[in-house]
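Colleague: I should like to understand how the descriptive terms for this structure are justified. May we go through them in turn?

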Amino acid sequence: MTKKSVSTLSRTLRLLAASSLLSLAALAWAQQPAATVNWKDADIRQVVEAVSAVTGKNVILDPRVTGKVTLLSPTPLGPDAMYEAFLSILQVHGYVAIESDNLVKVVPDATARQLPTSIGPGGAYGPDDLTTQVVQLRNVGATQLVSLLRPLLPQYGHLVAHAGSNMLVISDRAANVARVVSIIRRIDQASDEDIEVVSLQHASAGEIVRIMTALTSAPRGDGASISTSLVADARTNSVLIGGDMNERLRLRTLIAHLDTPLEDGGETQVRYLRYADAEEMATKLQQNFTNQAQSPAGQAAASAGADEMSVWADTQTNALVINAPPKIMRSTMQIIDKLDIRRAQVLVEAIIVEVIIDKSKELGVSVAVEGSGSNSPIAVTNFPDFLAGIVQLGSASGGGVTDPSGLIGDGGTIGVGRITDDGVSFAAILSAVEGAADTNLISTPSIVTTDNEEATLNVGQDVPFVSGSFSNTGGAGAINPFQTINRETVGVKLAITPQINEGDSMVLDVSQEISSIAQSAQGAVDLIVNKRTIDTTVIVDDGEILVLGGLLEDVLRESDQRVPILGDIPLLGVLFRSRRTEKLKTNLMIFIRPTILRDATQTSFETNQKYNYIRDVQQGREGTDVQMMPGQVRPMLPPIEQYTKPKTPEEDQQ
């Protein structure tokens with residue numbers, strides 16, 4: 001036999017001996033009402049067998065239950081005392097005994113709360129039994145106590161709150177559960193906390209709550225948590241105070257001290273406006289509260305003092321003087337805060353492009369014959385403008401040429417004939433005219449206006465038009481004749497109202513008119529004005545170009561005048577015929593480009609750009625002498641920096 005086998009056999013014999021001794025001790029304890037216990041490094045399984053034999057309980061051991069037990073008892077232990085000692089031994093070694101239907105289950109503490117245990121303090125056999133208890137709270141929230149009580153329970157213990165029923169569920173050994181429940185009962189006491197409503201007569205409830213909250217939010221010197229709460233009711237101008245009675249009394253005293261009328265009139269305030277017009281704002285505010293007081297629901301407003309509200313404007317300082325009760329005063333100030341803001345501006349640039357091509361050709365022959373001494377023509381083929389000149393050339397009374405311009409027109413003119421006072425005068429004139437005109441006009445009017453404000457721009461001339469005439473004819477002839485004249489602006493007119501939408505788009509109400517004086521037409525008694533007008537509403541993005549409209553016109557006019565019968569003769573008919581061809585092509589387009597100026601920086605950028613453009617144009621002519629005035633200097637815009645206000649240190653920091 002080897003040495004190892006001898007050692008194993010020796011340990012086995014010792015275990016059998018110890019088991020025999022425990023069995024004999026258990027048998028002796030079963031026969032005796034009490035006995036002393038002296039265990040030293042005894043196997044826990046053998047201890048369980050001995051306890052089961054003494055108490056008569058059936059014990060089931062979890063396979064994880066192992067270890068050595070030492071128990072020294074100088075006094076005899078009965079079955080009950082023996083079982084309590086056994087429970088204490090299990091607790092020391094991290095095990096727990098759970099009784100169920102005459103069975104005792106010995107399991108590790110970690111899995112104990114997953115097994116059914118007794119519920120309530122009366123179900124526990126001893127202080128070391130595992131038990132579960134449900135505690136109903138009356139005055140304190142269950143969820144608030146979880147963080148406070150959790151450190152008092154071991155790791156295997158269980159503590160959870162049910163907010164719906166305001167209950168705590170505690171699972172642990174009976175002694176510790178009883179201790180935790182005792183602590184809960186001391187905490188769950190009815191307090192003298194209540195909610196008070198303090199009505200204010202002069203001060204604003206919101207302002208009082210802001211001040212008092214800042215005062216009570218400071219940490220307390222004793223480290224205790226802040227238990228008071230303040231809430232403002234704007235509708236009734238009241239302050240709601242919650243918390244301890246002593247704290248409520250202190251806060252109520254402070255509120256009473258603050259709710260006092262001011263010496264300079266607490267119901268009258270002067271509000272200086274930054275952007276809005278004071279006179280216009282005063283009218284709208286007064287009308288708003290007057291309508292509220294007259295509405296069917298205005299009884300409540302009247303009781304709150306809406307009928308006592310008055311607003312008037314001081315135009316010199318652009319300020320509002322408001323006299324109203326506190327509630328109406330607060331509403332008025334809130335409205336002013338929303339309306340008295342800096343509105344964005346819009347730079348609108350209109351681009352007008354007009355290209356006109358006009359071509360005309362004219363070719364014809366005029367023939368006139370005048371009888372001797374009749375001073376009236378006897379035959380005219382065409383070009384009736386030549387008629388008066390021919391008659392005048394042959395006039396006996398005129399004694400010669402009186403108006404030769406009637407015979408000579410534009411272009412090339414060739415004439416033959418015989419002019420005499422006696423006999424027959426005749427004339428034949430060949431006229432050829434060709435004309436061409438090319439016009440290219442680009443106009444870019446621009447204007448800046450505030451959001452939702454209409455702006456107009458007129459660039460042109462006031463042209464007089466005869467609208468009527470009058471002459472008083474009496475016995476002595478015409479007396480005091482006169483004409484009536486109306487003046488009309490001819491040029492470019494731009495009227496626009498922008499509305500900036502959310503984002504970078506805007507709605508534009510545009511009225512654009514372009515007018516010019518046309519060449520006089522045959523039969524017109526006064527000047528003729530060409531007009532092109534656009535009235536529209538468009539949506540365009542910031543900085544984008546949008547076409548508003550235009551005109552593409554292509555006109556061809558052909559005319560042929562001839563003497564009847566003679567003008568139809570082949571070849572020879574050319575002498576009795578006049579032809580005219582005119583071609584007119586017009587291209588007109590109107591574009592618009594709006595730019596949103598949201599702040600002073602963007603406004604300055606656009607202004608500097610336009611200013612420097614004009615200055616660059618002037619600098620292009622710098623150095624050339626003024627004609628006929630040597631030594632004179634051409635006027636020049638100074639650099640824009642001379643007109644720029646220096647920024648303050650606060651603006652530089654921004």
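Modeller: Certainly; please bear in mind that this is a predicted model. Let us begin with a pair of helices: α8 and α10 cross in a right-handed manner.

Colleague: What makes α8 oblique to α10?

Modeller: Helix α8 (residues 278-294) and helix α10 (residues 326-339) pack at an angle of about 135°, with their axes 12 Å apart. Angles over 145 degrees count as roughly antiparallel, and 65 to 115 as roughly perpendicular. The angle fits neither class, and therefore α8 is oblique to α10.

Colleague: Which residues of α8 meet α10?

Modeller: Met281, Leu285, Asn288 and Phe289 in α8 touch Ile328, Ser331, Thr332, Ile335, Ile336 and Leu339 in α10. By class, this contact of α8 with α10 has seven nonpolar, three polar and no charged residues.

Colleague: Why are α4 and α5 called oblique to each other?

Modeller: Helix α4 (residues 142-149) and helix α5 (residues 174-187) cross at roughly 130°, their axes coming within 12 Å. This angle too lies outside the ranges just quoted, so α4 and α5 are oblique to each other. In their contact, Leu145, Leu148 and Leu149 of α4 meet Val180, Ile183, Ile184 and Ile187 of α5.

Colleague: How do you know whether glutamate 354 is buried or exposed?

Modeller: Glutamate 354 belongs to strand β16 (residues 345-370). Its relative accessible area is 7%, and buried means under 20%; glutamate 354 is therefore buried.

Colleague: With which side chain does glutamate 354 make a polar contact?

Modeller: The partner is the side chain of arginine 532, at 2.8 Å, where the cut-off is 3.5 Å.

Conventions: Residues numbered from 1 in each chain as written. Predicted model: local features only at pLDDT ≥ 70, side-chain atom pairs only at ≥ 80, totals over all residues. Heavy atoms only, no water. Helix = DSSP H or I, 4+ residues; strand = E, 2+ residues; numbered from the N terminus. Buried < 20%, exposed > 50% of the residue type's maximum accessible area, 1.4 Å probe, protein only. Polar contact = N/O pair within 3.5 Å; in protein donor to acceptor, adjacent residues only side chain to side chain. Axes fitted to C-alpha atoms, helices over the stretch in contact; angles between N-to-C directions. Parallel < 35°, antiparallel > 145°, perpendicular 65-115°, else oblique. Left-handed = near helix turned anticlockwise from the far one by under 90°. Contact = heavy atoms within 4.5 Å. Nonpolar A, V, L, I, M, F, W, Y, C, P; charged D, E, K, R; others polar.
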